[in-house]
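User: I would like to go through the labels used for this model one by one. For each, tell me what the label rests on.

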Amino acid sequence: MSNNFFEIKNVDFKVGNKVKVKNVSFSIEKEGDIICLLGPSGIGKTTILRTIAGLEKIDKGSIKLDGKTLSSEKINIEPENRNVSLAFQENSLFPHYTVKKNILLGSERNKGNKKKQLNIEELIDLLDISQILNKYPHEISAGEAQRASLARSLITKPDLLLLDEPLSNVDQSFKEEIQEKLKKILTNLKITTIIVTHDSYEAFYLGSKCGIILNQELKQFDDPYNVYHLPNSVEVVNFLNRGILIPAEVTSPKSLESKDLGTITGNFVKPFPIGSNVKLLIQPEDLQHDDKSNLKLHVVDRKFRGTNFIYTLRASSNTLIPVFVHSHHIHQHEIDEKFGIKRPIHIDHIVCF
Amino acid sequence: MKFNSWFFSSFLISFIVLIPVITVFASFFESTSNYYEILKNTFLFEYISNSLILLLSVLLLTFVIGTGAAYLVSFYKFPGSEFFKWSLILSFAVPPYIYAYSLTAFFENYGTAFTILKSLLGDTNYNKNIPKFDGMFGAILSLSFSLYAYVYILARASFLYQSQNLIDLGKNLGFSRFKSFYKVILPAARPAIVAGLSLVAMETLAEFGAVDFFSINTLTTGIYNSWIYFDDLAFANRISFFLLLFIFSLFILENLSRKKAKYHLNSKGGFKQKEKIKLFGFDAYLAFVFCFFIFFVSFLFPLCQMLYWTVKFPENLFDLQITNLVLNTLYLVTLSSLVLIIFSLISNYGNRVSNNKTLNLLSTLSISGYAIPGVILAIAFITFIAWFDDSIVKLLGFSSIKKLFIGSIFGLVLVYFIRFYSLAFNGIKSGYEKMNISVDESAYLLGYSKRKTFTNIHIPFLRNSLLFIIILISLEIIRELPITLILRPFNFETFATTAYISASEDLLEAAAVPSLFLILIASLFIIVTSKYILRENNE
């Protein structure tokens, strides 16, 4: 018997009769852990949350929380009896009550259980919603509504908190601040949380584990570092869009040869027989700029991203390769200019498919 | 699919509301008599042709009046435009039968027009110079000026949301004001106008009081007469069948066009309302005259006529037992509103939580009660109770239940319930449509049971809608004639039945007092709700 705090085992997540994500299994080891589910829009992430909350039923597998079965083929505990809180992506505040009343309704859930109570003032301050407390949902912005909804979910101090794209409507300038506050509050209160998002940076920051959902499957469930650096499939690489796959040949247990980049050394994450043709993952930070290098590629595009530039370079085989360069770098390369790549190329984790 | 007590309650309510329709259809198919011959050889052709002439003429007039007035007050600013915006819906306070009494009272020989001319121009015989608005023409006018507000309200709402940008588009394409109207604005508002006209059509086909007063034989009066004068329920049901088929076609048309209208409403976010165009000089004068003419003819004229007669024949005021009539009206209004609101709430909530296709279909069918003329409803109800009493109650050895349902307040309220169920159901439904289903789910996730969600979240949210629905139901019940006339207990009168009885005895002066009270009370309800009606349409 497993000791996981939360566990999903072999569940098909469905809306009506339509399977959205099939045969999903993952777990949250300790109470208070935060995990994130990543995936493109419409893939079924929300369905997973709704099912965990009890709003959809399952006919295969099981969902357990703290040793108790919430859903299975035979058992379905009603949403109101789960103490699982779901903050919806869209505004689900009660439209006829003020923000304050909405939040207070949340606090009614655990009335009498002082251990479960959360300091409402602290929460209001943390989420910066003191200005909108006496307003009605239609009088506030989408971002404010999301924060108010989050406050209402948090105030119940649920056994499991489910957040559906909690910051999708929050201004970019405010997003990082809220992310920090949210992480702090969830960690301090030890609220076990599952966050659904399509923003990989948000997922990597907030989650101790990340699940990638693609093509009706949970493709990878791992630490954010591993998900980013050690993606387990081409689909995950393509979804994260943080690198490209170039053809290469394995020449030794620690090296490959690429027509475009020459010899590349490093440690293979998964061993391949010598001589096999593979697709090698090149991420922008894997290559370094060096004007003196004799490996020159053509600049076809340059994107300014504040702290760095991302150069898109064309190799001899017409493959487009991204490279990061610090934005305080001494000079910039214009389009069509030549761009040197430092050799020898060494990549710590060689990911091939 | 969730089968629970909410599902079964909703199912039962919808089924009860559908009973009269089932009864009419069942009576038709069960019969083996040679009714085709009877119909062909008697009045069927006259019934149908009169109904059609009346319908088409009223549709044409209400289209011109309703759309014209809506266009003017939606797009232009002119003297009185703010006043006309809401006062043009006051015509709802004057039921067609009271309009008919006013029309006759004013234009008849030695009527009010005669008196005015005599006092202004001296004593001579003006009767031959005064036009007579009776018969079919009188019925068309009475219905049109009483019902045009359906088209006005829906067209106005549509103009306000859809066409503000379209005017700019028209200008951009180099269209004149008139060309913009018929090429751009009118087509965009078509679904709303069709929806309004469908309501007018249903009301016209269901109209009893005015056509009966003008002695026009339509399908509706045919049903009433075959029951009252020939005591032939089966024959009445057969005519009802034809009328129902016709009305259901309109009902489907109305539903289809409403779906389209909803589509337009969804896109309103993309349209910004702009300042209305200010009219000057002759244009402003023309717009004022058009709107004032409609307001005067539809509301002030019948009001003044009834007021004039009440003042002229004050003895009628004292003969009338006003306290009794007010109490009776209040009694019916309170009881019916209560029943309608409670059951419509249960039914709506059942539909919401069950999310069951069969139940949705049954609910959609059951709201067709509003499209069924009051006369048919009342007669179908009597037919059903008679059948139920004869075949089931007696079979089980119980004593007759006819008295409980026919000629009783209970029966009357039950039929009101069927007739106005769609009003309450749809009103609550549109309130619910503004509440995302995730609100319910949030409540469950906060630990609320279904019942607690209903009482603590939904009812407070729907409070304003419920108030509005109660006022609308009250307005309908105050004006309602045929059901009350057929099913009311002995000696139980309302303002509407008192006016009808006096008018049918050719005592129009006596009909004036209850008619005046009816108009005043109905106006009060309309004034209270007018802002809500206009706001409901997202102004």
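Analyst: Start with burial. A residue is buried if 20 or more other C-beta atoms lie within 10 Å of its own. Keep in mind that this is a predicted model. In strand β3(A), A:Ile34, A:Cys36 and A:Leu38 point one way, A:Ile35 and A:Leu37 point the other way, and all are buried.

User: Why is β3(A) called largely enclosed by the rest of the structure?

Analyst: Count its residues. β3(A) covers residues 34-38, and five of the five are buried, so the strand is largely enclosed. Both directions are covered: A:Cys36 on one side is buried, and so is A:Leu37 on the other. In a regular strand the side chains alternate between the two faces of the sheet.

User: What makes β8(A) a pairing partner of β3(A)?

Analyst: The number of bridges. Pairing needs at least two bridges. β3(A) and β8(A), residues 192-197, have five and run parallel. One example is A:Ile34, whose bridge partner in β8(A) is A:Thr193.

User: And how do you know that β9(A) pairs with β3(A)?

Analyst: The test is again at least two bridges. Four bridges join β3(A) to β9(A), residues 209-214, and the two strands run parallel. Here A:Leu38 has A:Ile212 as its bridge partner.

User: Which strands form the open sheet of four in chain A, and what makes two of them edge strands?

Analyst: The order is β2-β1-β4-β5, with antiparallel pairing. β2 (18-28) and β5 (68-72) are the edge strands, as each pairs on one side only. The twist averages 25° from one strand to the next.

User: How do you know that β1(A) and β2(A) pair?

Analyst: At least two bridges are required. β1(A), residues 6-15, and β2(A) have seven, in the antiparallel sense. A:Phe6 is bridged to A:Ile28 in β2(A). Helix α1(A), residues 45-53, packs on this sheet and touches β1, β2, β4 (62-65) and β5 of chain A. The direction of α1(A) makes about 115° with that of β1(A).

User: Why are α3(B) and α12(B) called oblique to each other?

Analyst: Their axes cross at roughly 135°. Angles over 145 count as roughly antiparallel, and 65 to 115 as roughly perpendicular; the crossing falls in neither range, nor under 35, so it is oblique. The axes of α3(B), residues 44-75, and α12(B), residues 281-312, come within 10 Å. The crossing is left-handed.

User: Which residues of α3(B) and α12(B) meet?

Analyst: From α3(B), they are B:Ile65, B:Gly68, B:Ala69, B:Leu72 and B:Val73. From α12(B), they are B:Ala287, B:Phe290, B:Cys291 and B:Ile294.

User: What makes a residue part of the contact of chain B with chain A, and how many does each supply?

Analyst: The cut-off is 7 Å between C-beta atoms. Chain B gives 15 residues and chain A gives 17. On the side of chain B, α19 (437-445) and α20 (450-479) each supply at least two. The largest share there, six residues, comes from α19(B).

User: Back to chain A as a whole. What does the domain assignment give, and how far apart are the C-alpha centres?

Analyst: It gives domain 1 (6-235) and domain 2 (243-350). Their C-alpha centres lie 38 Å apart. The C-alpha trace of chain A spans about 70 × 45 × 35 Å along its principal axes. Of its 353 residues, 37% count as buried.

Definitions and conventions. Residues are numbered from 1 along each chain as its sequence is written. Chains are lettered from A and ligands numbered from 1 in the order in which they are written. This is a predicted model: local features need pLDDT of at least 70, side-chain atom pairs count only at pLDDT 80 or more; totals for chains, interfaces and linings use all residues. A residue is buried if 20 or more other C-beta atoms lie within 10 Å of its own, exposed if 12 or fewer, and partly exposed in between; C-beta atoms are placed from the backbone. Domain bounds come from an automatic or database domain assignment. Axes are lines fitted to C-alpha atoms, for helices over the stretch in contact, and angles run from 0 to 180 degrees between N-to-C directions. A crossing is left-handed if the near helix is turned anticlockwise from the far one by less than a right angle, and right-handed if clockwise. Two residues are in contact if their C-beta atoms, placed from the backbone, lie within 7 Å.
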